[in-house]
Amino acid sequence: MIRTWGNCPIFRGWSLAGGNASAHDEGKAAGPDRPGPAYGADRNNAVKVQINSERCQGHGRCYDLAPQLFGDDDEGYGTVLGEGAVPPGEEDSARLAALNCPEHAIDLLEEA
């Protein structure tokens, strides 16, 4: 029997708790490293992005994944376009860029 987790054919249905369905599959395992209902659950909040220039190493994943939110400077370091306000509907792109930054230089600020 092949077990998989999400789209991975090895771990679907596998759980550290020993059950057939994992908490991840049910949307319960959420956090900054696992987007889900518990992370950014209120999608009506305004989101802003900022880049910590002391941590940015210029990998460019932010502007590759979300070019509508991020750009690069003359040396290839990430920059926030505009004031950093994320337009409605682009929140997932902002989260994807933040989660894929190897230096964790992107901060998401959710305003109520």
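In the predicted model, Glu75 lies in the loop that runs between strand E4 (70-72) and strand E5 (78-80). The residue is exposed, because its relative accessible area of 68% is over the 50% cut-off. Gly58 sits 17 residues away from Glu75 along the chain. The C-alpha atoms of this pair are 7.9 Å apart.

The loop belongs to a mixed chain. Two helices and six strands make up its regular elements. Their order along the sequence is β-β-β-α-β-β-α-β. The protein chain has 112 residues, and 29% of them count as buried. Its accessible surface is about 7,300 Å². Carbon and sulfur atoms account for 49% of that surface. Contacts were also sorted by sequence separation. Among those between residues at least 6 apart, 48% link residues at least 24 apart.

The largest nonpolar core holds 17 residues. Within this core, Ile51, Cys62, Phe70 and Ile106 touch the most other members. Two or more core residues come from each of strand E3 (46-51), helix H1 (61-65), helix H2 (91-100) and strand E6 (106-111).

Cys62 was examined further. With neighbours within four places in sequence set aside, Cys62 contacts Ile51, Phe70 and Ile106, among others. These three partners are also listed with Cys62 as the residues touching the most other core members. The remaining contacts of Cys62 are with Pro67, Gly78 and Ala97. Gly78 falls in strand E5 (78-80), at one end of the loop that carries Glu75.

Definitions and conventions
Residues are numbered from 1 along each chain as its sequence is written. This is a predicted model: local features need pLDDT of at least 70, side-chain atom pairs count only at pLDDT 80 or more; totals for chains, interfaces and linings use all residues. Side-chain values use heavy atoms; hydrogens and water are left out. Helices (H or I, at least four residues) and strands (E, at least two) are DSSP runs, numbered from the N terminus. Buried means under 20% relative accessible area, exposed over 50%, partly exposed in between (1.4 Å probe, protein chains only). Contact means heavy atoms within 4.5 Å. Accessible areas come from the Shrake-Rupley method with a 1.4 Å probe; for residues, only the protein chains shown count as cover. A nonpolar core is a set of buried Ala, Val, Leu, Ile, Met, Phe, Trp, Tyr and Cys residues joined through side-chain atoms within 4.5 Å.
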